[in-house]
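This report walks through one protein for a reader who has not met it before. Please look at the sequence and the model first, and then read on.

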Amino acid sequence: MIGFLQPFNDAIKLFTKEIINPSRGNKIIYNISPVGAISLTLLVWTVIPFEGSNTISISLIYIYMIMSIRVYPLFFRGWSSNRNYAIIGSLRGIAQTISYEISFALIILFVILPLGRLRLISIIESGLNVSKVLLYFPIIGLWVISCLAETNRTPFDFAEGESELVSGFNIEYGAAGFALIFMAEYGRILFMGILLSLMFVLSPAMILLNCLFVSAIVFT
């Protein structure tokens, strides 16, 4: 309990530090890119069907679109820094993201074709039964692997290989920019975990409990 407030202290420290721009970089794109990353992460959360909410009819296409667009802030963060390590890290991250988006799209198709619907709440309401568990068990494993690659988690952390790239694309970032980048990254991890359990495991009545459970796993 003593360290419970430490993350909040870190956030306050980062947001109150002076922002230092790279001398040879593009300062405008350098400062806008972290804002774009956190904006895309917040946009993708709009499809989660909380109680009383009304989601769009093409939720899964919307999720896939936002997850695909996020490569642009990743590229601009590396390019605008004008540093070798940052550019190499961003290019490796883009290559990895595009590669695993193919498997991500195929998994989504495997889920929606039997139902004929693209709305996330319709997939959740289809319920959980023994046949669904047996059918989706291999797909869940592929989904987890794709999620690890999409969110740059080990062993797919090529974009941030600290032993090779000294933190990669975010090497020049500090203060508020650094905080926004990692808020976007952990928000994306949390979203992918919740989406996994909503599509394959839980019912709408357990959405809030699921959010708390996944949050505890991600941030501990």
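## The largest nonpolar core

How many residues does the largest nonpolar core have, and which of them have the most contacts inside it? In this structure, which is a predicted model, the largest nonpolar core has 30 residues, and those with the most contacts inside it are Leu60, Ile63, Trp143, Phe191, Leu195, Met199 and Phe200. The elements that give two or more residues to this core are H2, H3, helix H5 (84–115), helix H6 (120–125), helix H7 (130–150) and H9, and it is H9 that gives the most, with nine residues.

A second core, separate from this one, has seven residues, among them Tyr30, Val71, Ile94 and Ile181.

## The fold as a whole

The protein has 10 helices and zero strands, so that, by the definition of these elements, its pattern read along the sequence is α-α-α-α-α-α-α-α-α-α. Of the 220 residues in the protein, 43% are buried. Among the contacts between residues at least 6 apart in sequence, 75% join residues that are at least 24 apart.

## Phe191 and the aromatic pairs

Phe191, one of the residues with the most contacts inside the largest nonpolar core, counts as buried because its relative accessibility is 0%. When its neighbours within four places in sequence are left aside, Phe191 is in contact with Val44, Trp45, Val47, Ile48 and Ile63.

How many aromatic pairs are there in the model? The count comes to five aromatic pairs, and one of them is formed by Trp45 and Phe191, whose rings are edge-to-face, with 5.5 Å from centre to centre and 70° between the planes. Trp45 lies in the loop between helix H2 (27–44) and helix H3 (59–69), while Phe191 lies in helix H9 (residues 175–200), and the pair therefore ties together parts that are 146 residues apart in sequence. Is Trp45 buried, partly exposed or exposed? With a relative accessibility of 21%, Trp45 counts as partly exposed, because the buried class is kept for values under 20%.

Ring pairs also link Tyr64, Phe104 and Trp143 into a cluster, and Trp143 is again one of the residues with the most contacts inside the largest nonpolar core.

## Two residues of helix H5

Helix H5 offers two residues to look at in turn, Thr97 and Leu106. Is Thr97 buried or exposed? Thr97 is buried, with a relative accessible area of 1%, and, leaving aside its neighbours within four places in sequence, Thr97 is in contact with Met67, Arg70, Val71 and Glu150. Of these partners, Val71 is included in the second, separate core, while Met67 and Arg70 are among the residues that line the largest cavity.

Leu106, by contrast, counts as exposed, because its relative accessibility is 54%. In sequence Leu106 and Trp143 are 37 residues apart, and in space they are 9.9 Å apart, C-alpha to C-alpha.

## Cavities inside the protein

Rolling a probe the size of a water molecule over the atoms shows where empty space is left. How many cavities of 30 Å³ or more does the structure hold? The structure holds three such cavities, and the largest of them has a volume of about 90 Å³. The largest cavity is lined by Ala37, Leu40, Thr41, Val44, Ile66, Met67, Arg70, Pro73, Leu74, Arg77 and Arg188. H2, H3 and helix H4 (71–81) each supply at least two residues of this lining, with the largest share, four residues, coming from H2. By class, the lining of the largest cavity has seven nonpolar residues, one polar residue and three charged residues.

The second largest cavity has a volume of about 50 Å³, and its lining is made of Ala37, Arg70, Leu74, Arg77, Asn152, Phe169, Ile181, Ala184, Glu185 and Arg188. Which element gives the most to this lining? H9 does, with four residues, and H4 and H9 each supply at least two. The lining of the second largest cavity divides into five nonpolar, one polar and four charged residues. Ala37, Arg70, Leu74, Arg77 and Arg188 appear in the linings of both the largest and the second largest cavity, and Ile181, which lines the second largest cavity, is also included in the second, separate core.

Notes
Residues are numbered from 1 along each chain as its sequence is written. This is a predicted model: local features need pLDDT of at least 70, side-chain atom pairs count only at pLDDT 80 or more; totals for chains, interfaces and linings use all residues. Side-chain values use heavy atoms; hydrogens and water are left out. Rings of Phe, Tyr and Trp (its six-membered ring) pair if their centres lie within 6.5 Å; planes under 30 degrees apart count as stacked, over 60 as edge-to-face and the rest as tilted. Buried means under 20% relative accessible area, exposed over 50%, partly exposed in between (1.4 Å probe, protein chains only). On a 1 Å grid over the protein atoms alone, a cavity is a set of points where a 1.4 Å probe fits but cannot get out, and a pocket is an open set with protein on both sides within 12 Å along at least five of seven lines; lining residues have an atom within 4 Å of a point. Grid points are joined across faces, edges and corners, and a volume is the space filled by probe spheres set on the points. Ala, Val, Leu, Ile, Met, Phe, Trp, Tyr, Cys and Pro count as nonpolar, Asp, Glu, Lys and Arg as charged, and the others, Gly among them, as polar. A nonpolar core is a set of buried Ala, Val, Leu, Ile, Met, Phe, Trp, Tyr and Cys residues joined through side-chain atoms within 4.5 Å. Contact means heavy atoms within 4.5 Å.
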